[in-house]
Every structure is written in structure tokens, then in C-alpha cells.
Protein chains: 2
Amino acid sequence: MEQLYKQLQLENQLCFSIYATSREITKVYKPLLDKLGVTYPQYLALLVLWEHETLSVKKMGELLYLDSGTLTPMLKRMQDQELVIRQRSHEDERVVFISLTEKGKNLRDKACHIPEEVFSMTNKSQGELEKLKETLQELLQSLHTYNQK
Amino acid sequence: MEQLYKQLQLENQLCFSIYATSREITKVYKPLLDKLGVTYPQYLALLVLWEHETLSVKKMGELLYLDSGTLTPMLKRMQDQELVIRQRSHEDERVVFISLTEKGKNLRDKACHIPEEVFSMTNKSQGELEKLKETLQELLQSLHTYNQK
DNA sequence: CCCTATTTAATTGTGTATAATTAAATAAAA
DNA sequence: TTTTATTTAATTATACACAATTAAATAGGG
């Protein structure tokens, strides 16, 4: 039983180190994203829109692992800020396409230097972070596949 | 500029792989924690209480990297479920101590097997996950120190 | 063609997160 | 001792997250 209790110690929880690190990263981004007027999840939406130009809500949800309960209100807030346009498909009225406004497109240049600024806070080498990212992407795939079943 | 745009691709974002993995892990825990009647953040609170018996809200916040705006309402919900007791310190009326009820203590035995069940979903070796945890703990420390300044 | 199943967003309700403010209590300085 | 600064929770307001449900539209089978 002692051995089992030991596995419940906070210090031994990989899940907690991921959970806490994720929130600390969001805090590092905060002052940088405040300059752009967006939150961290909104920044992720911009990343995929800068890459894809136009996306359905469903496709964005697949890329970001978020569902419509999260995306719909968030994208409406981004529409209010005139960062994105939401329009229903004519071919299939169930589908809503999201695209960038000029204002949304222009934020890309202001965001360019964010990755290196965040990198400088980590005290880690590029290689170490690259390795970490790859391990997490594999883990993410395993867990996501399991959660889909 | 192309090089800078490339760094904004979702696939190149370590931050996103941490963020998405964290949420997928929470989903893996969901059915296991439903049996105990708690959420994932509530489970983290139980982990530290099982280790420390009694804690102030401040101390719990330091351990979990959460502030009173998150903990106060969460601990009130846990009190409503009769998992914890909240009582103000007599020495310093600003301090609120949190301790476990019998019901809260007893959940420990039901939680014992959760870590190994989650482990089995990862498709990774113990060693690989241990290494991942250590890297993340170092990163967490760097980011937290930076966020405190 | 009609019925059923599926797909897709939106909505609703609950539970975190966090910044900013408030309020109470303690400690420290003048 | 009186004032000032600090500490600690609680409160408030905003923004995610996600499960579950709803509603509309499309697709597929008979």
C-alpha cells in the first residue's frame, strides 16, 4: 500500500507537471499577446488561420483539439474585435467558415518575434525543446486516439 | 520573413503540444475520477491533502501553482461534497486551513490504481515518462521564476 | 421518395483559470 | 502609538473548456 501511496505523490505525477507548465507558459505569453489584444487560445486560432487562410469550425477544432462549445463563443469575440469573419457555407448550411480580416492578417507581422521571446525564458537549448516537443506530440497522439475510441 | 512565419506554424509550437496534451490527459482521467466524484483539479487538491493532512489555501496554491480565485470556489464545492473542511486560523484570521474529512481520506484507497491505469494509455516506457517529467519540472521552474519577477 | 442515421454548429450548464479589486488582519516604521 | 505597508482570502468580471443536448441540414438505404 505504501508503494501505491507513493505513486499518488504530487511530485511523481507527470500529468501535473504538464498541467502546471501549460499554465505557466500561458502566463509568459500574456504580456506579449496583450500587445496584439488577444488571449492565448485566440492566438492559437490565429496561428492556424495564418497557415490556412479559411477553415471550417470543425477543421479548426480538429487542429486545435477543441470543440464548438469552446470555439463558437471565442470566434464570436474575435469577430467582435474584427479579427475574423464567420460565414455559413452555401453548399452545406451546417458548415461555418472562418477567415481572417485584414486586421487579423496584419497581426502576423507583430507576432513574428513572439516564439524567440518565449524561447529565451526557458533556459533550455533548441535541441532539448525540439526533443521535448516530439515526445509530447507522440504522447498527444496516443492519448487522443484513446480518447476517440 | 519566411523563416519567421515558419516559427509561427502550429506544428512548431512546443507550447501547443503541452497545452493540447494537458487537456487530453484530463480527458483520460475523467472516467476514472468520475468514480470518485471529483474533477481533475479537485484530484490534485486531494493529492496534496493526502500528503500533508492540513494546509492553508496559500500553501496549497503554492504547491499547485493556483491562486485563491481558483481554489476558493473549488474548495467550497469540495466542502459541499463533504470531502474537506475549511476553517479560519485562530492565530491569524486571514488564514484558512483546509483538511480532509473521513470521506476525503477514504478516497485515497480508491485512487491508488489510477496512476497505473493512466500509464497504460501512454504507449511509453516508465523511463521515457520519467525523463519527460524531469524536463518539464525544470522548465516549470524556469517559467515560474520568470513569472514571479 | 421517405425514413433514419449522421454530421455540424450552437446552446446550456458546470467548473475551472486568472487579473484586478476589496477587505480584513498583521507587521513594521516613524 | 499611529500610520503605512504587507499579507491573505474572498469577490468580481471575463474567458476558456467540455459534456450533453438541441436543431438544422445532408446523406444513405430501402
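Here is a short exchange about a predicted model, its DNA strand D and its aromatic rings.

Colleague: Before we start, what should I know about the numbering and the model?
Modeller: Residues count from 1 along each chain as its sequence is written, chains are lettered from A and ligands numbered from 1 in the order in which they are written, and side-chain values use heavy atoms, with hydrogens and water left out. This is a predicted model, where local features need pLDDT of at least 70, side-chain atom pairs count only at pLDDT 80 or more, and totals for chains, interfaces and linings use all residues.

Colleague: Which residues come nearest to DNA strand D?
Modeller: A residue is near the strand if one of its heavy atoms lies within 4 Å of it. Sugar and phosphate account for 77% of the strand D atoms that come within 4 Å of the protein. Of the 30 residues around the strand, the nearest are A:Thr39, B:Tyr19, B:Lys58, B:Lys76 and B:Arg94.

Colleague: How many residues of the surface near DNA strand D are charged?
Modeller: Asp, Glu, Lys and Arg count as charged; Ala, Val, Leu, Ile, Met, Phe, Trp, Tyr, Cys and Pro as nonpolar; and the others, Gly among them, as polar. The surface has 8 nonpolar and 8 polar residues, and the charged ones number 14.

Colleague: How far is a polar side-chain atom of A:Thr39 from a phosphate oxygen of DNA strand D?
Modeller: Phosphate oxygens of strand D also have a polar side-chain atom of A:Gln42 at 2.8 Å and one of B:Lys76 at 2.8 Å. For A:Thr39, the distance is 2.6 Å.

Colleague: Why is the pair of A:Tyr29 and A:Tyr43 called tilted?
Modeller: Rings of Phe, Tyr and Trp (its six-membered ring) pair if their centres lie within 6.5 Å; planes under 30 degrees apart count as stacked, over 60 as edge-to-face and the rest as tilted. Here the centres are 5.6 Å apart and the planes at 45°, so the pair is tilted.

Colleague: Is B:Tyr29 buried or exposed?
Modeller: Buried means under 20% relative accessible area, exposed over 50% and partly exposed in between (1.4 Å probe, protein chains only). The relative accessibility of B:Tyr29 is 2%, so B:Tyr29 is buried.

Colleague: Which residue lies over the face of B:Tyr5?
Modeller: A charge sits over a ring if NZ of Lys or CZ of Arg is within 6 Å of the ring centre and within 35 degrees of the ring normal. At 3.7 Å from the ring centre of B:Tyr5, the residue is A:Arg108.

Note on methods:
Polar contact = N/O pair within 3.5 Å; in protein donor to acceptor, adjacent residues only side chain to side chain.
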